[in-house]
Amino acid sequence: MAINIILAGPRGRMGSEAVQMVLKEADFKLVACIDRKFDGQHLKDIDGMPDIDVPVFQDIEKCFQQVKADIFIDLTVPEVGYYHTKKALENKIRPVVGTTGFTDEQIIELTELAKTNHTGCIIAPNFAIGAVLMMKFSQMAGKYFSDVEIIEKHHDKKLDAPSGTAKKTAEMIMETREFKKQGHQDEKETIKGSRGGEMDGMRIHSVRLPGLVAHQEVIFGSSGQTLSIKHDSLNRDSFMEGIKLSVLKVMDMNELAYGLENIL
Ligand code: NAP
């Protein structure tokens, strides 16, 4: 039986790839899209979109009232993505969320809401399988190296910094690493921000440049050695396998999972 999907952000870089992925999958059916600019039209009316009769809504509640769906995919911006995810859970439509930049409080609230409504939900800051392995390997290394710095690099259209992947990596390392404040205890920044952001004593550096997609290197150091764990997403196709897998997995879940590693 087909899995009916509503997708928010179909004109975006990630959203347009996801539309193609959904259309290619025999068991997936795109039943509606959420887009702030083309309310009441169809996907085929939008420049660059596939020639299909999928209705477009601006208002997610109106969409949920009119269209039956199993899954809601969000690839938009943090504030809107959070609101959409909340509405999907209230309507018992399983969210698969790639949008990054949610606060810890929002994740906790959505986790509670998913539990109360017995509705599966996957929020993954990175849907690339290689990136998930990079995080897992970094978590393993954190047990042996307390000195670690994370350098994440993204295209310059990205709105949040540090990336959701960098934050998630730091959180995973925190589970195995003994706390240590990174760098010299008396170090002083002569240019504010030179040492990057701080999370549990670890330093996170965000690079934003045109031409980049999504890249991260986690560098561990100890006496006489360094260990670098690096992942590069060269295009947005790298995220589609993870979204596809999440759609399939979330159908059998009734709670929220934060991070693709929790469903692999
Ligand atoms: P993008 O190209 O800027 O696309 C964002 C889409 O959201 C656009 O279609 C935009 O429409 C729409 N949007 C913006 N504000 C909106 C609003 N108020 N209401 C409804 N729609 C709105 O960004 P992207 O590169 O596709 O990234 C989308 C999200 O995915 C970001 O949060 C990014 O960090 C995240 N991401 C996640 C992964 C992962 O693996 N989890 C990988 C890459 C990116 P307009 O054109 O009208 O602004």
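The largest pocket of this predicted model holds about 1100 Å³ of space. A pocket is defined on a 1 Å grid over the protein atoms alone, as an open set of points where a 1.4 Å probe fits, with protein on both sides within 12 Å along at least five of seven lines; grid points are joined across faces, edges and corners, and the volume is the space filled by probe spheres set on them. Residues are numbered from 1 along each chain as its sequence is written, and side-chain values use heavy atoms, without hydrogens and water. Local features require pLDDT of at least 70 and side-chain atom pairs pLDDT 80 or more, whereas totals for chains, interfaces and linings use all residues.

The lining of the largest pocket comprises 39 residues, of which Arg13, Leu75, Thr76, Val77 and Thr99 lie nearest the centre; a lining residue has an atom within 4 Å of a grid point. By class, 15 of these residues are nonpolar, 15 polar and nine charged, where Asp, Glu, Lys and Arg count as charged, Ala, Val, Leu, Ile, Met, Phe, Trp, Tyr, Cys and Pro as nonpolar, and the others, Gly among them, as polar. Helices H1 (13-24), H3 (78-90) and H6 (164-174) each contribute at least two lining residues, and H3 provides the largest share, with four. Helices (H or I, at least four residues) and strands (E, at least two) are DSSP runs numbered from the N terminus.

The ligand occupies the largest pocket, the criterion being that more than half of its atoms lie within 2 Å of the grid points. Around the ligand are 20 residues, with Arg11, Met14, Arg36, Thr100 and Phe127 nearest; the limit for such a residue is a heavy atom within 4 Å. This shell has eight nonpolar, seven polar and five charged members. Polar contacts (pairs of N or O atoms within 3.5 Å) link a ligand oxygen to a polar backbone atom of methionine 14 at 2.7 Å and a ligand oxygen to a side-chain N or O atom of lysine 37 at 3.1 Å. The protein buries 80% of the 930 Å² that the ligand exposes when taken alone, by the Shrake-Rupley method with a 1.4 Å probe.

Backbone geometry was also examined. Most residues other than glycine have a negative phi, and most peptide bonds are trans. Alanine 161 and proline 162 are joined by a cis peptide bond, with omega about 0°; proline 162 belongs to the loop between strand S7 (147-154) and H6. Lysine 92 has a positive phi, near 60°, in the loop between H3 and strand S5 (94-97).

Conventions. Polar contact = N/O pair within 3.5 Å; in protein donor to acceptor, adjacent residues only side chain to side chain.
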